[in-house]
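Good morning, and thank you for making time for this presentation. I would ask you to keep the sequence and the structure in view while I speak.

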Amino acid sequence: QKHGIKTNQKKKQKFYKLKDQKIILNSIEDLGNFLIVQGEEVQKEFIEEILEIKNPDYIEVPFSDLEKE
């Protein structure tokens, strides 16, 4: 399907800003909790050292393509 609604997801979001990065906490029903970091140049060091998240999983597909829990 090229256009249109692929899926309907219920989610809650919280937005924060740290340094030059926008941080979004997503809680998506039936999928889980996700952290999104947006910015000009998001570096691995920012996630692992500043946010102290060791060995994070990086998701590079839309939430609609993830399998439900």
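**Surface, fold and selected residues**

The accessible surface of the chain amounts to about 6200 Å², and carbon and sulfur atoms contribute 46% of that area. Please bear in mind that we are looking at a predicted model.

Let me stay with the chain as a whole for a moment. Of its 69 residues, 17% count as buried. The radius of gyration is 14 Å, whereas a compact globule of 69 residues would have a value near 11 Å. The C-alpha trace spans about 40 × 25 × 20 Å along its principal axes. As for charge, the chain carries 12 positive and 14 negative charges, and the mean positions of these two sets lie 8 Å apart. Turning to contacts with a sequence separation of 6 or more, 30% of them are between residues 24 or more positions apart.

I now come to the secondary structure. How many helices and strands does the chain contain? There are three strands and one helix, and in sequence order they give the pattern β-β-β-α.

We may take the strands in pairs. Strand β1 covers residues 11-18 and strand β2 covers residues 21-28; the two are antiparallel and are joined by eight bridges. Within this pairing, Y16 stands opposite I23 of β2, and Q13 has N26 of β2 as its bridge partner. The two strands form a hairpin with two residues between them. In that turn, K19 has a positive phi of about 55°.

On to the second pairing. Strand β3, residues 32-38, runs antiparallel to β2, with seven bridges between them. Here L25 is bridged to L35 in β3, while I28 has G32 of β3 as its partner. β2 and β3 likewise make a hairpin, this one with three residues between the strands.

The turn of this second hairpin deserves a closer look. D30 lies in the loop between β2 and β3, and its phi is near 70°, a positive value in a residue other than glycine. Most residues other than glycine have a negative phi. Is D30 buried, partly exposed or exposed? D30 is partly exposed, because its relative accessible area is 42%, which falls between the limits of 20% and 50%.

A comparable backbone value is found further along the chain. N55 has a phi near 50°, again positive in a residue other than glycine. N55 is placed in the segment after α1, the helix of residues 44-50. With a relative accessible area of 70%, N55 is exposed, since the limit for that class is over 50%.

Finally, I should like to consider Q21, which belongs to strand β2. Is Q21 buried or exposed? The relative accessibility of Q21 is 8%, and therefore Q21 counts as buried, the limit being under 20%. Which residues does Q21 contact, once neighbours within four places in sequence are set aside? They are Y16, V37, Q38, G39, E41, V42 and F46. Of these, Y16 has already appeared in this talk, as the residue opposite I23. To set Q21 against another part of the chain, consider D65: the two residues are 44 positions apart in sequence, and their C-alpha atoms are 25 Å apart in space.

To close, I would leave you with three points. The strands pair as β1 with β2 and β2 with β3, in each case antiparallel. Positive phi values occur at D30 and at N55, among others. Q21, in β2, counts as buried at 8% relative accessibility. Thank you for your attention.

Note on methods:
Residues are numbered from 1 along each chain as its sequence is written. This is a predicted model: local features need pLDDT of at least 70, side-chain atom pairs count only at pLDDT 80 or more; totals for chains, interfaces and linings use all residues. Side-chain values use heavy atoms; hydrogens and water are left out. Helices (H or I, at least four residues) and strands (E, at least two) are DSSP runs, numbered from the N terminus. The radius of gyration is taken over C-alpha atoms; the globule rule is 2.2 Å times the number of residues to the power 0.38. Buried means under 20% relative accessible area, exposed over 50%, partly exposed in between (1.4 Å probe, protein chains only). Contact means heavy atoms within 4.5 Å. Accessible areas come from the Shrake-Rupley method with a 1.4 Å probe; for residues, only the protein chains shown count as cover. Lys and Arg count as positive and Asp and Glu as negative; His and the chain ends are not counted. The place of a charge is taken as NZ of Lys, CZ of Arg, CG of Asp or CD of Glu. Two strands pair if DSSP finds at least two bridges between them.
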